[in-house]
Each structure stands twice: as structure tokens, then as C-alpha cells.
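Colleague: I would like to go through the terms used for this model and hear what each of them rests on. Please show me the structure before we start.

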Amino acid sequence: MADKQFEPLIIGFTCNWCSYRAADLAGMSRVKYPPNVRLMRLMCSGRLDPEFVLKALRGGADGVLITGCHPGECHYLEQNYKALRRFLLLRRTLKQFGVEPQRVRLIWASAAEGARLAQEINKMVEEIRALGPLTWRDVISANGDRPLEALPAEEVTA
Amino acid sequence: MSDKPKLAMYWASSCGGCEIATLNIHEHILDVDAVFDIAFFPCIADFKVKDVQGYPDGYIDVCLFNGAIRTSENEEMAHLLRQKSKVMVAFGSCAYEGCIPALSNLTTKDATFNTVYLDNPSIDNPDGILPQPVTLVAEGTLTIPVFYHTVKSLDQVVKVDYTIPGCPPEPHQIWAVLEAVVAALTQGAPLPPSGVVGAGSVAVCEECSRKRDVKKIKRFYRPYEVDPDPDICLLEQGIMCMGIATRSGCGALCPQVGMGCRGCYGPVPGVTDQGAKMVSAIASVMDVGKMGEIDEAVLERQIEAVYDSIPDPAGTFYRFSMAHSILRRTRVAGNGHGKE
């Protein structure tokens, strides 16, 4: 680890109407943000099933970023509120599984906030870099059991 | 022994409730006796593991295996019975998805031992003796099974043909499955496709007779805090009920007597993680101020205040499904570089 910096892998779920476009805007405006985050587009942060977050963590992600429209600006009226409520309960649940709260974050970013999103991603990458790798599959083998098998790939219908 | 089909039922890490539920099929137990020879059933008949070891492979036609895999003995018995059985049934919630024993996946083996053997008001263990897998005594070496760090379900150690969910499975469901097996063995009827049997394919709510309306929950109550209305949906009254995320088949027994569904029949078909679905569902039905009416920080505090009335979210949402959950167990300090 001394000569090579730990590069966290972060799965980012973005909303089609705001944060995905914010990321796009960041790109078009040549605002740099680290390549550690792999963005995935959902139609809305309200589409985010907590299972997605758990699967990402078990599948090797060191953190999960959830992004959505600012409160009051949801394309589907108030699904981002639902996302907020799910996120807060999931965070409590994950704490009991030993997942630090910094690893799963919720950020609001409108389509005009490319620079802000890039800044938040930067911040999150550094926070998780400081926490170190999660390597969930080894969580079990660290106790002398076989490592977790990979989850089978699954098609999620829209 | 006669040439009747052979039935076995074994308990691994379990409470014995599955055996009671099986015997609770009442007079049908006579039909079971008429059709099957009991080949191994420690709860009701005096067989030894040596007897099972002596059977040829595939000698047992149906093995009902209940209990989770907590110790090396549980795992050895699972392998032995798998080898000797044509059809292996994960019987009950423990074998299916870990059940109550797997809740200890939220802590560590050391913490479990500490509570059980050292730090407990009813414990008298001045020398702090803990079970050791291997002990040397004058007469030789004594061994006891190894206590695993992580509780596993049966299908995580051997191949399972059928799963009967429930804690315990309801007797009428057990009989329905046994009846299908008996018909297959005596009349050549086709066996059901492998997977979950003896349960429904919708949520418990579908079987519950309580009146449902729009769910708007302001806070949750623990069972002792309220006297629930006998006719209205328990969740609507703020009583934690897992029915919305749980497979049907039990007849909604608990909610109908005023106790929120515990979730023992596991996730509904197509769901991997019952707890995640419960997080999702609970968060969706809260009533915490209207959109745009209050400041975001205030809203967040209000949501957190509602969640404060759920004292143990992971233990509640994964009460029965921890060993089958996506994350499987808690992360112990020392894995990775994580800090608490």
C-alpha cells in the first residue's frame, strides 16, 4: 500500500432528470472529477431499490453514491423525498452491518450543478480513500469461512 | 425394514419447533407412518449417526433437514444426509435462511461466547472457561464441534432440492407437501418443481383480513405500547408488520391476533433480500410533513425521529433472513481498514 495509493471504487446512481445531466455538464464544461465513480442512470432516485446498494457493496464497491433532484424539484413530484427516507433508514441498517456512514451518501444535484457534483464526488472519493477498502466478499473469509460467492447477474426490468 | 420409502428428519442448529410442527399434522402422521419407514429422526426415534453412516448412498428417499449451520457438526450432518438422501428438503426458516440463530451474524463469535459463557447475570464461571474444540486430558484427546463465526443456511453447504419456509412451517403446509411426496411415491404422480414448496407466492397481506387503507405512519409502537384496533391494518396503526415483504402461506396468523408479522416465511418470490425490501417499504409509507412545506434539515430530523422508534432495524428486517441476505453478516473490525 505504501507505494500505491488505494483507489476506491464507487458506484453512483444518478437521476435521469438532474444529476445524470449534472455529470454530463461537468464533462462538457471540462470540470474534472476522479474516475473512481462509475455512474449509472436511473429514471429517478425514487427508483433506487436498497437492494441495488447492498448488491454494489457485496459486489466489490467501496462506496455508493446516490444522487437526486433537490427537494421540491423531482420530475415525479416527490420521489426524491422517498429516496431520502429510504436512504436514512438504509444507513441505520447498514451501520449494524458495520458499514461506515460515509460509504453510502445521498447528494442532491440539479442539471445545472456540474461543478458542485464534481466537487462532492471528489470529497467522497477522498473520504473513502481514508477509510480504506471495503472488500465485502472477504468479510466472511476473514473469519475463517469461505469467501462469499459472486451474486448471479440479473436483468432488472425498467 | 420393509421396502417402504424412507423418511428422515434431522435438527441442526434449531429449537425443535419444526419437529413439533411436523407431529402437529395430527392423525395424518399415521398416513406418514403407513407410507414411510422412518430411517432417522432423533427427536422421536432412537437412531444413531452410525446407522445413517451404514446406509447406502441415496437410501433415504426424503430428508427433512431443519436448523441452520452453526457448528462443524451441523455441516458434517448436512453432508452425510445429503449423500444418503435422494431428496433433500430445507425444512423451516433456519435451514432455509438462517432464522433466529443467524441473527448472531450481526455480532461476533467472541461476543456470543462472552454473553453465553462469561458476562451474564446468571453465569457462574469464575475460571472463565470457554468451550475448546480440542482438549487434552490424561486419558487422551477430547474434541467437540467447532463453533463457526458465521451462521449459514443449508443451501450454502449442500445442494437442496426443496425448501419449506416458516418458523415453524404450518402443519397444513407440511402435510400438503408430504401428501404430494406420498402421491409421487405411491401413485407415480409428478413431483413439484424444485424450489420453495408449502407456501404461497404473494405477500402475507393478501391473506390478512384486516382492513387496509392509505398507510401514513407517524411513528412506530412496540407491541407493549399499544392495544391495536382489531380490524385495521397493523402497519397503519404504527405496529411493525413484515407482512408486506413476506411470503404468504401461513394464513396471516400473527397479524390476525394483533401481532405484527415477524417475516418468518421469507421474501416473496423474485426478491433476494427481504430486509432491503422492508427498508424500502417502511420508508415509503411514512407521514412526515408535506413536500415543500418544511425545510429540508427539519424534514430530515423528523424522519430520523420516526426511525428512532425502530430500535433494531437490521434485527427486525432480517429477523429470519440474515443468512440469506445480500450482506450475510456484520463486518468485524480488522476486515479491510475500516474504522467504527
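Modeller: This is a predicted model. In it, the crossing of α3(A) and α9(B) is right-handed.

Colleague: What makes that crossing right-handed?

Modeller: A crossing is right-handed if the near helix is turned clockwise from the far one by less than a right angle. The crossing of α3(A) and α9(B) is assigned to that class.

Colleague: Why are α3(A) and α9(B) called oblique to each other?

Modeller: Their axes cross at roughly 135° and come within 8 Å. Roughly perpendicular covers 65 to 115 degrees, and roughly antiparallel needs an angle over 145. An angle of roughly 135° fits neither class, so α3(A) and α9(B) are oblique.

Colleague: Which residues of α3(A) and α9(B) meet?

Modeller: From α3(A) they are A:K82, A:R85, A:R86, A:L89, A:L90 and A:T93, and from α9(B) they are B:G275, B:V279, B:S280, B:I282, B:A283 and B:S284. By class, this contact has 5 nonpolar, 4 polar and 3 charged residues.

Colleague: Why is the pair α3(A) and α10(B) also described as oblique?

Modeller: Helix α3 of chain A covers residues 79–96 and helix α10 of chain B covers residues 296–307; their axes cross at roughly 45° and come within 10 Å. Roughly parallel needs an angle under 35 degrees, and roughly perpendicular begins at 65. Roughly 45° lies outside both classes, and α3(A) and α10(B) are therefore oblique. Their crossing is right-handed.

Colleague: Which residues meet there, and how do they divide by class?

Modeller: A:R85, A:L88, A:L89 and A:R92 of α3(A) meet B:I303, B:E304 and B:Y307 of α10(B). The contact of α3(A) with α10(B) has 4 nonpolar, no polar and 3 charged residues.

Colleague: How many residues are in contact between chain A and chain B?

Modeller: On chain A there are 38, in contact with 36 on chain B. The elements of chain A that give two or more residues to its side are α2 (50–58), α3 and α5 (137–141). Helix α3(A) gives the most, with 10 residues. The chain A side divides into 18 nonpolar, 8 polar and 12 charged residues.

Colleague: Within chain A, why are α1(A) and α4(A) called roughly perpendicular?

Modeller: Helix α1 of chain A (residues 19–28) packs on α4(A) at an angle of about 95°, with the axes 7 Å apart. The class runs from 65 to 115 degrees. About 95° falls inside it, so α1(A) and α4(A) are roughly perpendicular. On the α1(A) side the contact is made by A:S19, A:A22, A:A23, A:L25 and A:A26, and on the α4(A) side by A:G114, A:A115, A:L117 and A:A118. These residues of α1(A) and α4(A) divide into 7 nonpolar, 2 polar and no charged.

Colleague: What makes β2 and β4 of chain A edge strands?

Modeller: Each pairs on one side only: β2 (37–42) and β4 (104–108). The open sheet of chain A has 4 strands in the order β2-β1-β3-β4, with parallel pairing. The twist in this sheet averages 20° from one strand to the next.

Colleague: How do you know that β1 and β2 of chain A pair?

Modeller: Pairing requires at least two bridges. Strand β1 of chain A (residues 10–15) and β2(A) have 6 bridges, in the parallel sense. One bridge partner in β2(A) is A:L42, opposite A:C15.

Colleague: And what supports the pairing of β1 and β2 in chain B?

Modeller: Strand β1 of chain B (residues 6–11) pairs with β2(B) over 3 bridges, in the parallel sense, against the required at least two. In β2(B), B:F40 is the bridge partner of B:A8.

Colleague: What is notable about the backbone at A:R30 and at B:P168?

Modeller: Most residues other than glycine have a negative phi, and most peptide bonds are trans. A:R30 is not a glycine, yet has a positive phi of about 60°; A:R30 is in the loop between α1 and β2 of chain A. The peptide bond from B:C167 to B:P168 is cis, with omega near -15°. B:P168 is in the loop between β9 (162–164) and α7 (171–187) of chain B.

Terms used. Residues numbered from 1 in each chain as written. Chains lettered and ligands numbered in written order. Predicted model: local features only at pLDDT ≥ 70, side-chain atom pairs only at ≥ 80, totals over all residues. Axes fitted to C-alpha atoms, helices over the stretch in contact; angles between N-to-C directions. Contact = placed C-beta atoms within 7 Å. Nonpolar A, V, L, I, M, F, W, Y, C, P; charged D, E, K, R; others polar.
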